[in-house]
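Okay, thanks for coming, everyone. I'll put a structure up on the screen, and then I'd like to walk you through it.

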Amino acid sequence: MRSPIREEIYPTSSRSSSSAGTVTNLLDGTITSVLGATITAGTLSSAGTITNLLDGTITSVLGATITAGTLSSVTSISQRSFIEQATLAIPTADAYTPLPANTTSVLGTYSYFILNTGANPVNTRVEISADGTNYFVDTTGDNPLPAGSVDVIVPARFLKYTRLSYQSATPGAASTLNVIFDAQGT
């Protein structure tokens, strides 16, 4: 009776495989296409689905969802992101009071939606800053903004920080505002 033949495969330049179920360790070589994989080290040039990349290089991504980990460098993002930040029931005072500044350095388009929900008119303006400390009045709203009215202010100039400031149009006659900051990334 003959014993079964066992073939052992060692990585050499003369051997190749067109299909592999599980590769546990590739010390030296190239994988040109992967449909689904867990990669612990090395370089991956093309993959359909990657479940876990612990150490390695991905040179090109056509489409991806990243659920955990660190992304250290991005050349470009093709889809615009959307940001919305609402600040509601803001009481006005006699002096201009700013909302916290928005960092607008990576935003392409942004605006402030203002709804005067109170009983008295208000004044609004957009202020911009390069350092987050010293602000310049960039654009004023449709002042005074009557009670129950809406205004949208779009900054005319660009700097790293942008904020909305507001005040009661008539001293001693407070009102209430709802402000929504909407923005799109570049």
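Let me start with a question: is T162 buried or exposed? Keep in mind that what you're looking at is a predicted model. And here's the answer: T162 has a relative accessible area of 0%. Our cut-off for buried is under 20%, so T162 counts as buried.

Where does T162 sit, then? It's in strand β12, which covers residues 161–168. Its side chain makes a polar contact of 3.0 Å with the side chain of T104. Now, if you skip the neighbours within four places in sequence, T162 is in contact with a list of residues that includes A101, N102, Y110, Y112 and P155. V126, E127 and I128 are on that list too.

V126 brings me to another part of the model. Strand β9 runs from 122 to 129, strand β10 from 136 to 140, and the two are antiparallel, with four bridges joining them. Across from V126, in β10, you'll find T139. Together β9 and β10 make a hairpin, with six residues between them. Have a look at G132 in that turn: its phi is positive, about 80°.

Okay, zooming out. The protein has 13 strands and zero helices. Of its 186 residues, 24% are buried, and T162 is one of the buried ones. As for contacts with a separation of 6 or more, 71% are between residues 24 or more positions apart. Last bit, the surface: about 13,100 Å² is exposed, and carbon and sulfur atoms supply 52% of that.

That's my tour, thanks.

Notes: Residues are numbered from 1 along each chain as its sequence is written. This is a predicted model: local features need pLDDT of at least 70, side-chain atom pairs count only at pLDDT 80 or more; totals for chains, interfaces and linings use all residues. Side-chain values use heavy atoms; hydrogens and water are left out. Two strands pair if DSSP finds at least two bridges between them. Buried means under 20% relative accessible area, exposed over 50%, partly exposed in between (1.4 Å probe, protein chains only). A polar contact is a pair of N or O atoms within 3.5 Å; within protein, one must be able to donate a hydrogen and the other to accept it, and residues adjacent in sequence count only if both atoms are side-chain atoms. Contact means heavy atoms within 4.5 Å. Accessible areas come from the Shrake-Rupley method with a 1.4 Å probe; for residues, only the protein chains shown count as cover.
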